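Reader: Please take one part of this model and go through it closely, with enough of the overall picture to place it. I would like the contacts spelled out.

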Amino acid sequence: MGRKKYIFIVILVILFFVSVQLLFSGEPRFYPMIQNHHVGIINQRGEVVVEPKYLEVGKPSDGWVAVRESSQWEYQSLSGKETIEVKFDQAGPFVNGLAPANKNEMNGFIDETGNWVKTGFSFVDAFSEGFAVVGSETGVYFVNEKFENQFQSQFEDAGAFQDGEAPVKRNNRWGVINHLGEQIVPFRFEEMPLIGKEGIVGVMNGRYGMMDPSGIELIPFHYERLLPMSENRIGYYDGQKWGFLDAQNGVAIPALYTSVTPFQDGRAYVIEDGLGLVIDWNNRELFLTKVAYMYYNDELPQKDIAKLLNISRPTVSRAIQEAKEKGIVRIEITTSTFHQFDYEKQLREKYNLDGIVVVPNIAQTDQGLKRQLGEAAASYLYEHVRDGMILGMSMGTTIKAVVDAIDNDHTIRCEVVPILGGVGNIDSDLHANELCRRTAKKLGGEIYPLYVPAVAAGEFEREIFLKDDMVKQVFEKVEHANFVLISAGHLETSTFLNIGAVTKDEAEEMKSKGAIGDIGNWFVDQEGRPVDVSFHRRLVGPSIFSLKAKTKLVFVAGGELKHEAIRAALRGGIPDVVITDEATAEYLLTNV
């Protein structure tokens, strides 16, 4: 299959498919299972559909799954009744009855009988949106399901279609075509460009810039990094800090920040020196407030402020004067963002925290707040997690928001491990395994999944799982993690209660013993102490309290419903770093 053999490997390795549900509407979900160090497939009812006797399994698709028992691959039906017994060196997923395969250096597509339908390619990829990328001695091109060269064109390289567009490379430059094969982005970029409604961010001469589809330059190609444009504003990196550009008027906010998010509804969230701030594009209030706060409240000399913000001393002096003129400085610093600085400082000192980020309550919904918290937590990871470190992850909707916020622009070659099992009746996108897989993929790291349930049927079953060598290896990684992401759950709305993992008797037992919610999936009382309940003896994972002494716990949680659980976590001294919202911070300071 030539130089793209690695694509099959990426598609087929078992780590990629842990806890992934089928993407085809109407089909049941399937999950890998492991038994005696071999892998099989179970359905969402826990029934075995592919016996656990294989070294690897592929992606369940179109009613089939590729399996490898020795050095070669074959296909098993997900009904458990049929087998394609033809052996292949590599085998990809079926899409509309066709699958890419390789045998004895022959590359092509097979049907559901295992017979070759079309061969003669140097490499083949699976079909996507009706087209497949294939290679020949002369180049790379797209074929339709009749195996015709759809666009009568060849390229140096190409990627699969997604949402009607595909990246293509010609004359050592990248561009983009549509379903008609029409060039919609010029072949000018050295790397695959970022496509957005407001323009195309790409690399030319080793520098980032931006142009519209017609080739008109919107932002000069001389930046170290650029983010995708949002609301006519784009984040830029000057080699040391991040700032923002106005597409029409150039630099609008100087490079002052260690991490930034794109603008949304006129505001962007930024991180500087561990503090979470909100930038209002329409004025300089945030910047002036920060300078004023450092000068008047922290009592820092202007030269120190200039050094910390990487700006000149005259700029600091002018900012202080402007803050006075605008009324930001009177007897005190009068701006809503002041409360975030103040809350962070008070909470850090009150609870002896290593780090604290307080985001403003801009969002009007719980989902919007989780998105804010996720973006803040992602920025914290960019700033603190380094190559070679180990990142542990819990599960749930807030942790999913963190993973959703992680972008593909930050490469951190870390190891990502779940802190509890990842197979069961939880939605696949909330599984610890799936969250770890997505995180590792985005950061370019490596995942160490767990092929066991998050909650065992009983204490006996839990002990069996914990004795498995592969499970032990993962939990040893967890115990040596540099950071572990956890969140909180209200007793009535905990993910475990919502999915039915907690029995009715266990729920009553929790209430009777004073449980008010869960921290990192372990239920606690008002003082943050673990309650002695039978559910804990079914959890397949190390206690969050044992991890506390070995790693740094990053606690991401917010919202009124979780106030009591968050306060309990801080009372119990559980987290090292807290990422929460302004209203929760006020609650924590006024309800000791």
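Author: The secondary structure of this predicted model comprises 15 helices and 39 strands. The protein has 592 residues, and 55% of them are buried. Its exposed surface is about 26000 Å², with 46% supplied by carbon and sulfur atoms. Among contacts with a separation of 6 or more, 50% are between residues 24 or more positions apart.

The part chosen for the close look is a residue in one of the strands. Val134 lies in strand β13, which covers residues 132-135. Val134 counts as buried because its relative accessibility is 0%, and the cut-off for buried is under 20%. Once neighbours within four places in sequence are set aside, the contacts of Val134 include the aromatic-named entries Phe109, Phe121, Phe123 and Tyr141. The list for Val134 also holds Val124, Gly139, Val140 and Val143. Asn107 is 27 residues away from Val134 along the chain, and the two C-alpha atoms are 9.4 Å apart.

For the helices, one pair can be described in similar detail. Helix α9 spans residues 459-467 and helix α10 spans residues 469-479; their axes come within 5 Å and cross at roughly 75°. The two helices are therefore roughly perpendicular. On the α9 side, the contact involves Phe465, Leu466 and Lys467. These meet Asp469, Val471, Lys472 and Phe475 of α10. By class, the contact of α9 with α10 has 4 nonpolar and 3 charged residues, with no polar ones.

Key:
Residues are numbered from 1 along each chain as its sequence is written. This is a predicted model: local features need pLDDT of at least 70, side-chain atom pairs count only at pLDDT 80 or more; totals for chains, interfaces and linings use all residues. Side-chain values use heavy atoms; hydrogens and water are left out. Axes are lines fitted to C-alpha atoms, for helices over the stretch in contact, and angles run from 0 to 180 degrees between N-to-C directions. Helices (H or I, at least four residues) and strands (E, at least two) are DSSP runs, numbered from the N terminus. Angles under 35 degrees count as roughly parallel, over 145 as roughly antiparallel, 65 to 115 as roughly perpendicular and the rest as oblique. Contact means heavy atoms within 4.5 Å. Ala, Val, Leu, Ile, Met, Phe, Trp, Tyr, Cys and Pro count as nonpolar, Asp, Glu, Lys and Arg as charged, and the others, Gly among them, as polar. Buried means under 20% relative accessible area, exposed over 50%, partly exposed in between (1.4 Å probe, protein chains only). Accessible areas come from the Shrake-Rupley method with a 1.4 Å probe; for residues, only the protein chains shown count as cover.
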